[in-house]
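I opened this notebook to record what I looked up in one protein structure. The entries are brief and follow the order in which I worked.

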Amino acid sequence: MIPKKKDDAASRAQALADMTRLLDGGRTHERAALARDAQRSNRTKTLHTPSGAVITIVEPETEEEIERDREEIRDLMIRSDLIRLGFSAMRVSNRYRFGWRLWQLAAAGGLRSPMFDTGRAVDHPSIVADCPHGHEVPSAACRCGIYFVPHWFPFNRFVEDRLFDGDCTNYALTWGVAVGGVDVDPSGDRWGIRPRRTGRFRILGGLIPEDAPQPSLPVPWRRGVTDRNAVAVEKLWDLGAPNNFHDVVARYQGEEATSFNADDVEDPEVTAWQILRRLDHQ
């Protein structure tokens with residue numbers, strides 16, 4: 001949490017700088033310096049970014065204002081990365097509908113949830129979450145949904161540094177698109193960016209370790225969990241993508257899908273794995 005008191009300006013600046021480095025993979029120190037400058041006092045600051053975007057930041061006084069500032073910085077970094085990497089206007093405009101997930105990779109190439117034993121593997125690129133509470137997923141009344149992190153850099157840094165210490169053996173990382181409605185993770189920010197959840201998610205491609213078994217899903221796969229390969233997976237799909245998101249939904253909405261229900265979960269107690277949960281419920 002970024003401190004909000006004026007006397008804690010230095011601490012807030014450092015926290016904001018750390019968050020900025022996490023979001024862009026540690027490559028753009030100039031933007032981090034600009035963000036730090038914008039937090040040194042309670043006066044209004046105008047932030048000019050290398051991409052030409054301009055953002056005005058005011059020293060926050062409430063938790064809501066702090067979170068709003070953080071979301072603006074996050075969104076600015078994500079949009080800047082996508083534009084710098086040459087993604088389509090459709091992809092940039094719908095940046096929170098695309099994202100990454102982690103799966104356990106079985107010897108036969110099947111993908112399974114790494115948190116809970118649901119008794120089944122993902123056998124279709126499209127997956128749907130059914131809610132046992134009777135809600136249309138996602139709903140503010142519960143936490144059911146298919147969760148994803150809408151930017152590669154914070155997702156990968158979290159997986160590498162905090163979960164596996166660089167060892168992703170027997171795990172697959174998939175990138176895809178939320179075809180259904182999208183809402184935020186109600187449990188909060190644990191990734192340097194707040195995860196999203198949806199009722200229907202379509203896997204578009206993924207990454208596996210060099211020596212991992214070939215996944216059975218018929219989507220493009222690259223061997224080697226690297227920034228270069230992750231961008232390549234996203235760009236491969238983007239090059240042939242529709243010009244508007246309505247056509248993206250139309251392309252995948254009617255596909256046969258693997259369906260999971262929160263009732264399939266045998267042990268729903270909170271664990272460290274729930275940071276990467278596929279389904280969760282109250």
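The entries below go from the whole chain to its strands, its cores and a few single residues.

**Entry 1. The whole chain**

I noted at the outset that this is a predicted model. I looked up the secondary structure and found 7 helices and 12 strands. The protein has 282 residues, and 51% of them are buried. I then turned to contacts between residues at least 6 apart in sequence, and recorded that 65% of these join residues at least 24 apart. The exposed area of the protein comes to about 12800 Å². Carbon and sulfur atoms supply 46% of that area.

**Entry 2. Strand β10 and its partners**

I asked how many residues of β10 are buried. The count is 9 of the 9, so β10 is largely enclosed by the rest of the structure. The strand covers residues 200-208.

I next listed the strands that pair with β10. Strands of a sheet pair through backbone hydrogen bonds, either parallel or antiparallel. β7 pairs with β10 in the antiparallel sense over 6 bridges, and there Leu173 stands opposite Leu207 of β10. β5 is also antiparallel to β10, and 3 bridges join the two. Within that pairing, Ile127 has Phe201 of β10 as its bridge partner, and Val128 stands opposite Arg200. Strand β11, residues 221-223, runs parallel to β10 and is joined to it by 3 bridges. Here Gly206 has Trp221 of β11 as its bridge partner.

I also checked β5 itself, which spans residues 126-130. This strand is mostly covered, with 4 of its 5 residues buried.

**Entry 3. Leu204**

I selected Leu204 as a residue within β10. Is Leu204 buried or exposed? Its relative accessible area is 5%, and because buried means under 20%, Leu204 counts as buried. Leaving aside neighbours within four places in sequence, I found Leu204 in contact with Phe98, Trp175, Gly176, Val177, Val219, Pro220, Trp237 and Tyr252. Phe98 is 106 residues away along the chain, yet the C-alpha atoms of Leu204 and Phe98 are separated by 9.7 Å.

**Entry 4. The nonpolar cores**

I looked up the largest nonpolar core, which holds 29 residues. Those that touch the most other members are Phe98, Trp100, Trp152, Phe155, Val177 and Trp237. Elements that each supply at least two residues of this core include α3 (63-84), β3 (98-105), α5 (152-163), β7 (171-178) and β10. Helices α4, α6 and α7 are also among them.

I followed Trp237 further. Beyond its neighbours within four places in sequence, Trp237 is in contact with Met90, Phe98, Trp175, Leu204, Pro242, Val248, Arg251 and Tyr252. Apart from the largest core lies another, of 22 residues, among them Cys131, Ile146, Ile208 and Trp221.

**Entry 5. Helix α7**

Which residues of α7 are buried? I recorded Phe245, Val248 and Tyr252. They cover an arc of only 50° around the axis, which puts them on the same side of α7. His246 and Ala250 are exposed on the other side of the helix. I noted that the cover over the buried residues of α7 includes α4, β3, β5, β7, β10 and α6.

**Entry 6. An open sheet**

I found an open sheet of 3 strands, in the order β6-β9-β8, with antiparallel pairing. β6 (146-148) and β8 (182-184) stand at the edges with a single partner strand each, so one side of each is left without a neighbour in the sheet. From one strand to the next, the twist averages 35°. β8 is joined to β9, residues 196-198, by 3 bridges. The bridge partner of Val184 in β9 is Arg196.

**Entry 7. Two further residues**

I located Asn229 in helix α6. Asn229 is buried, with a relative accessible area of 13%. Leaving aside neighbours within four places in sequence, its contacts are Leu207, Arg222, Arg223 and Gly224.

Lastly, I looked up Ile57 in strand β2, residues 54-57. Ile57 counts as buried at 1% relative accessibility. The C-alpha atoms of Ile57 and Ile73 are separated by 9.4 Å, and the two residues are 16 apart along the chain.

How values were computed: Residues are numbered from 1 along each chain as its sequence is written. This is a predicted model: local features need pLDDT of at least 70, side-chain atom pairs count only at pLDDT 80 or more; totals for chains, interfaces and linings use all residues. Side-chain values use heavy atoms; hydrogens and water are left out. Buried means under 20% relative accessible area, exposed over 50%, partly exposed in between (1.4 Å probe, protein chains only). Contact means heavy atoms within 4.5 Å. Accessible areas come from the Shrake-Rupley method with a 1.4 Å probe; for residues, only the protein chains shown count as cover. Two strands pair if DSSP finds at least two bridges between them. Axes are lines fitted to C-alpha atoms, for helices over the stretch in contact, and angles run from 0 to 180 degrees between N-to-C directions. A nonpolar core is a set of buried Ala, Val, Leu, Ile, Met, Phe, Trp, Tyr and Cys residues joined through side-chain atoms within 4.5 Å. The arc is that of the directions from the helix axis to the C-beta atoms.
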